[in-house]
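Please open the model in your viewer, with a cartoon for the backbone and sticks ready for the side chains. The tour below proposes one selection after another and says what is to be found at each stop.

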Amino acid sequence: YNDVAVAEQTIVALPAEGWVVDRWEVNGASQGYADEITVVMDADKVVTLYLAEFHVDEVAPPAGPLAGGNPLAIMGVFPVAQALTTIEEVYAAYTVYFSDGWNAQVLTFDESVPEIMTGDTIYALAPPWPEMSLVNLYVVDNIYNERQAMLTDAYLYVAEPRIDAIVPDMGPTSGGTPVDIEGFGLSAVIA
């Protein structure tokens, strides 16, 4: 602090990837969660920045059907003080969605689990998707909208497998006849 002139100082936080501003304090008083604050230097002041870890590491399973509806475990580090156990708590706190750059779909939280969201896992249901696609996952903090985490290429939507033909379509009851199964979304298996 310099007595000669009262000056405003803008202080900018540049958290590393996977971290977000949790809050600023000036002389112990909260000053919000924005990436920057302006402080009037009319006296000596102590400015403290608190950061929180916030990132998505994995979605399990990593793939599922276009119809959606399958349960997902979204794993990472999420800034929650305690487990969120009701749908209302989770929807108030976070929005989770998939996007491929053109389409976006919000995930439904899975209320069949006792703790829908903890500091390291979010339980959700995959939404339907219009076409086979590799999508990104976003977790957005509804209270502090600037805070979000993203996982690139987080989930693969695949078409349901389809069997069009089995050739030959019959054989001896003793078995042993090689068959070809033709269709879509089948993996090559040799038995």
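Begin by selecting Ala 63 and Leu 156, since Leu 156 in β14 is the bridge partner of Ala 63. Extending the selection to the strands around them shows β7 (residues 63-65) and β14 (residues 148-158), which pair in the parallel sense over three bridges; here strands are DSSP runs of E of at least two residues, helices are runs of H or I of at least four, both numbered from the N terminus, and two strands count as paired if DSSP finds at least two bridges between them. This is a predicted model, in which local features need pLDDT of at least 70 and side-chain atom pairs count only at pLDDT 80 or more, while totals for chains, interfaces and linings use all residues. Residues are numbered from 1 along each chain as its sequence is written, and side-chain values use heavy atoms, with hydrogens and water left out.

Keep Leu 156 selected and add Leu 134, because Leu 156 is also listed as the bridge partner of Leu 134 in β14. Strand β13 (residues 133-141) pairs with β14 in the antiparallel sense over seven bridges, and a hairpin of six residues joins β13 to β14.

Next, select Ile 74, Phe 98, Leu 137 and Val 139, which touch the most other members of the largest nonpolar core, a set of 32 residues. Such a core consists of buried Ala, Val, Leu, Ile, Met, Phe, Trp, Tyr and Cys residues joined through side-chain atoms within 4.5 Å, where buried means under 20% relative accessible area, exposed means over 50% and partly exposed lies in between (1.4 Å probe, protein chains only). Among the elements that give two or more residues to this core are β6 (55-60), β8 (71-77), α1 (87-93) and β9 (94-99), and the largest share, five residues, comes from β14. A second, separate core of six residues can be shown in another colour, and includes Trp 24, Val 26, Ile 37 and Val 39.

Now turn to the open sheet of four strands, whose order is β6-β8-β12-β11 with antiparallel pairing. Strands β6 and β11 (108-109) stand at the edges, each with a single partner strand, so one side of each has no neighbour in the sheet. Within this sheet, β8 and β12 are joined by five bridges, and selecting Ala 73 leads to Tyr 123, its bridge partner in β12.

Where do the aromatic pairs lead? A search of the whole structure finds eight of them, rings of Phe, Tyr and Trp (its six-membered ring) being paired if their centres lie within 6.5 Å, with planes under 30 degrees apart called stacked, over 60 edge-to-face and the rest tilted. Select Tyr 97 and Tyr 138, a stacked pair with 4.8 Å centre to centre and 10° between the planes; the pair links strand β9 to strand β13, 41 residues apart. Tyr 97 is partly exposed at 22% relative accessibility, whereas Tyr 138 is buried at 16%.

A further stacked pair, Trp 129 and Tyr 157, lies at 5.3 Å centre to centre with 15° between the planes, and both residues are buried. Adding Phe 98 and Tyr 155 to this selection completes one aromatic cluster.
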